[in-house]
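Student: I would like to go through this structure slowly, asking at each step what a term rests on. Could we look at it together?

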Amino acid sequence: MPTTSAMSQRRRLTIGLWLGLVLVSPRTFTAPGRISRQAKAGGTDPMLSYQDEEYWERRYSTGDKGVHSDIIDDRGVGWLCSYAGPVQETLNAITGGDRSKVLLNIGCGMDQLSPDIYKDGYTNLLSSDISRHAIAEMAKQTAEEMPLAKWFVDDVTRMNLPDESVDVVVDKGTLDAVLIQSEPFLLAARMLKEVQRVLKEGGIYFLITHGRGDPDTWRLPVLTLPHLSFNIAKTPDMGGYFIFVCTKLPQPDAAAAAAQWDEAEAWAKKRDEEDREAEYAAVDEIGQ
Ligand SMILES: C[S@@+](CC[C@H](N)C(=O)[O-])C[C@H]1O[C@@H](n2cnc3c(N)ncnc32)[C@H](O)[C@@H]1O
């Protein structure tokens, strides 16, 4: 994967520091570590897992967590953390307290993040998820107290939103979920291309992630793929999660953007293929 000093330099921080956010120093591109994915076993219902669209649909509609025994309260705090505290403080810092900003919560699920953000005064709030049940239920439950909010079914890897229409994309645990799906790097590259597309210039991708405990290894390389132009700031460990504040920089012209995407896509496909081969090799070894 090419490493260009120009690419690294672009990532210098231009937004202020708060909450211990640290500069992501210019660095060379390094491939993320391997993700060992849970095998998708036969596609039968009981074995559906986080990487399956149907898993979330069933989980949200029945409460059945299937093969997982996580302790997440999907209708409460949800994944990683609640709004009050570092998330709220960071959001208020990056919006400068401007409640008219357009916010998009991707992979919103059914937790309280969108209702809490709305209650905080951000009423220009869009919330999307791939789960039809989550969206229908949230729209119904919040119709009275969130009359201006918009809920819609959407796939983060091909969003149904216009270019440059959003000030802040909020993501709590959704990149994490995409990075365990089949072809994780290709899907994450597509997702982040879409995030960048829908953001206004100067807009912010506000990522709350578990980062597999080491975001420099597991998240930063994906956020700095060649087709992405973000200034990146990140927090230290906030207690099992990390916050990334990625500010969209001026974009290259169409020809340069297309070339950068080709480069990123080729790398992601190769990386997914390498992981698949490693997985098959591991299975072969177990079988011998
Ligand atoms: C780990 S959960 C996080 C849910 C919620 N943000 C929270 O913090 O509780 C991941 C969410 O991403 C959604 N999701 C997974 N793949 C998606 C995709 N391709 N497009 C949109 N949403 C997706 C799931 O339905 C699920 O709600």
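Tutor: In this predicted model, 18 residues surround the ligand, and the closest are Tyr 60, Gly 107, Asp 129, Val 156 and Lys 172.

Student: What makes a residue count as near the ligand?

Tutor: One of its heavy atoms has to lie within 4 Å of the ligand, and 18 residues make up the surroundings of the ligand here. Among the elements of the fold, α2 (53-62) and α6 (174-178) each supply at least two residues of this shell.

Student: Why is the approach of Lys 172 to the ligand called a polar contact?

Tutor: An N or O atom in the side chain of Lys 172 is 2.8 Å from an oxygen atom of the ligand, and because a polar contact is a pair of N or O atoms within 3.5 Å, this pair qualifies. Gln 181 has a side-chain N or O atom 3.1 Å from a nitrogen atom of the ligand, and for Asp 111 the value to a ligand oxygen atom is 3.4 Å, so these pairs also meet the cut-off of 3.5 Å.

Student: How much of the ligand does the protein bury?

Tutor: The ligand taken alone exposes 590 Å², of which the protein buries 97%.

Student: Which residues of helix α3 are called buried, and what does the word require?

Tutor: In α3, which spans residues 86-95, they are Val 87, Thr 90, Leu 91, Ile 94 and Thr 95, and the word requires a relative accessible area under 20%.

Student: How do you know that these residues line one face of the helix?

Tutor: Looking down the axis of α3, one finds its buried residues within an arc of 120 degrees, so they line one face. Their cover includes the strands β2 (103-106), β5 (166-172), β6 (199-209) and β8 (242-248), together with helix α4 (113-119). After α3 comes Gly 96, with a positive phi near 65 degrees.

Student: What share of the whole protein counts as buried?

Tutor: Of its 288 residues, 51% count as buried, and the protein has ten helices and eight strands.

Student: How confident is the predictor in this model?

Tutor: The mean pLDDT is 84, and 81% of the residues reach 70 or more. Over residues 1-44, however, the pLDDT is below 50, although this stretch has 109 contacts in the model beyond near neighbours in sequence. Where pLDDT is low, the predicted coordinates should not be read in detail.

Technical notes: Residues are numbered from 1 along each chain as its sequence is written. This is a predicted model: local features need pLDDT of at least 70, side-chain atom pairs count only at pLDDT 80 or more; totals for chains, interfaces and linings use all residues. Side-chain values use heavy atoms; hydrogens and water are left out. pLDDT is the predictor's confidence in each residue, from 0 to 100. Contact means heavy atoms within 4.5 Å. Buried means under 20% relative accessible area, exposed over 50%, partly exposed in between (1.4 Å probe, protein chains only). Helices (H or I, at least four residues) and strands (E, at least two) are DSSP runs, numbered from the N terminus. The arc is that of the directions from the helix axis to the C-beta atoms. A polar contact is a pair of N or O atoms within 3.5 Å; within protein, one must be able to donate a hydrogen and the other to accept it, and residues adjacent in sequence count only if both atoms are side-chain atoms. Accessible areas come from the Shrake-Rupley method with a 1.4 Å probe; for residues, only the protein chains shown count as cover.
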